[in-house]
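Here's a quick briefing for anyone opening this structure for the first time. Take a look at the picture, then read on.

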Amino acid sequence: MSDCKKIGFENEKSAKFTLKKILEVSKKKILPKRAYKCSRCGKWHLTSKRDIKVLEKENLELRSLVCEYKTRVQDYSQKLSLVKRERNSLIKEIKDLKSLFSYP
Ligand SMILES: [Zn+2]
């Protein structure tokens, strides 16, 4: 059953302990990120690959962040168009008032 070539740890605790030690001392570029229980051999291994569930959760958070920014941009452009409209009407009012003075 244990045809795994990876180092197998008996339990989560020792896998995580080793992971912690590796992260403390290793100078390698690719480092293990997490420990997982292997469905083939039943032991615990270390992997540098990210957990798909974690990635999915991050995507969810990113999606809501994008949503939030879109709302903010929309709010801003609505506010901007209101301010522009007010500005234009004020300019028009000044023009109209000035034109009153042009008659002697
Ligand atoms: Zn395994």
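What follows is a short tour, from the overall outline down to single residues.

Keep in mind that this is a predicted model. The protein has two helices and two strands, and from the N terminus on they come in the order α-β-β-α. It's a stretched-out thing: the radius of gyration is 31 Å, where a compact globule of 104 residues would sit near 13 Å.

**Overall outline**

- Taken along the principal axes, the box filled by the C-alpha atoms is roughly 105 × 30 × 20 Å.
- There are two domains, with domain 1 covering 12–49 and domain 2 covering 51–104.
- The centres of those two domains, taken over C-alpha atoms, are 49 Å apart.
- Just 4% of the 104 residues count as buried.
- Look at contacts between residues at least 6 apart in sequence, and 42% of them turn out to join residues at least 24 apart.

**Helix α1 and the segment before it**

- Helix α1 takes in residues 12–25, which makes 14 residues.
- From its first C-alpha to its last, α1 reaches 20 Å, close to the 20 Å expected at 1.5 Å a residue.
- Only one of the 14 residues of α1 is buried, so this helix lies largely in the open.
- Lysine 6 sits in the segment before α1.
- Lysine 6 has 13 other C-beta atoms within 10 Å, and that's why it counts as partly exposed; the exposed label would need 12 or fewer.
- For a feel of the distances here, try lysine 6 and aspartate 96: they are 90 residues apart along the chain, and their C-alpha atoms are separated by 83 Å.

**The hairpin**

- Strand β1 (residues 34–37) and strand β2 (residues 44–47) run antiparallel, and four bridges join them.
- Together, β1 and β2 make a hairpin, with six residues between the two strands.
- Glycine 42 lies in the turn of that hairpin and has a positive phi of about 80°.
- To see the pairing residue by residue, start with alanine 35, whose bridge partner in β2 is leucine 46.
- Tyrosine 36 stands opposite histidine 45, which is also part of β2.

**Helix α2**

- Helix α2 runs over residues 52–101, giving it 50 residues.
- End to end, from first C-alpha to last, α2 reaches 73 Å, close to the 74 Å expected at 1.5 Å a residue.
- How many of the 50 residues of α2 are buried? The count is zero, and the helix is hardly covered.
- A handy rule when you look at any α-helix is that it has 3.6 residues a turn, so residues three or four places apart point the same way.

**Two residues to find in α2**

- Leucine 65 belongs to helix α2.
- Leucine 65 counts as exposed because it has 10 C-beta neighbours inside 10 Å, and 12 or fewer is enough for that label.
- The C-alpha atoms of leucine 65 and serine 102 are separated by 55 Å, with 37 residues of chain separation.
- Glutamine 74 is found in helix α2 too.
- Is glutamine 74 buried or exposed? It's exposed, with 10 other C-beta atoms within 10 Å.
- Glutamine 74 and serine 89 are 15 residues apart along the chain, and 23 Å separates their C-alpha atoms.

How values were computed. Residues numbered from 1 in each chain as written. Predicted model: local features only at pLDDT ≥ 70, side-chain atom pairs only at ≥ 80, totals over all residues. Domains from an automatic or database assignment. Rg over C-alpha atoms; globule rule 2.2 N^0.38 Å. Buried ≥ 20, exposed ≤ 12 C-beta atoms within 10 Å, placed from the backbone. Contact = placed C-beta atoms within 7 Å. Expected span 1.5 Å × (residues − 1). Pairing = 2+ DSSP bridges.
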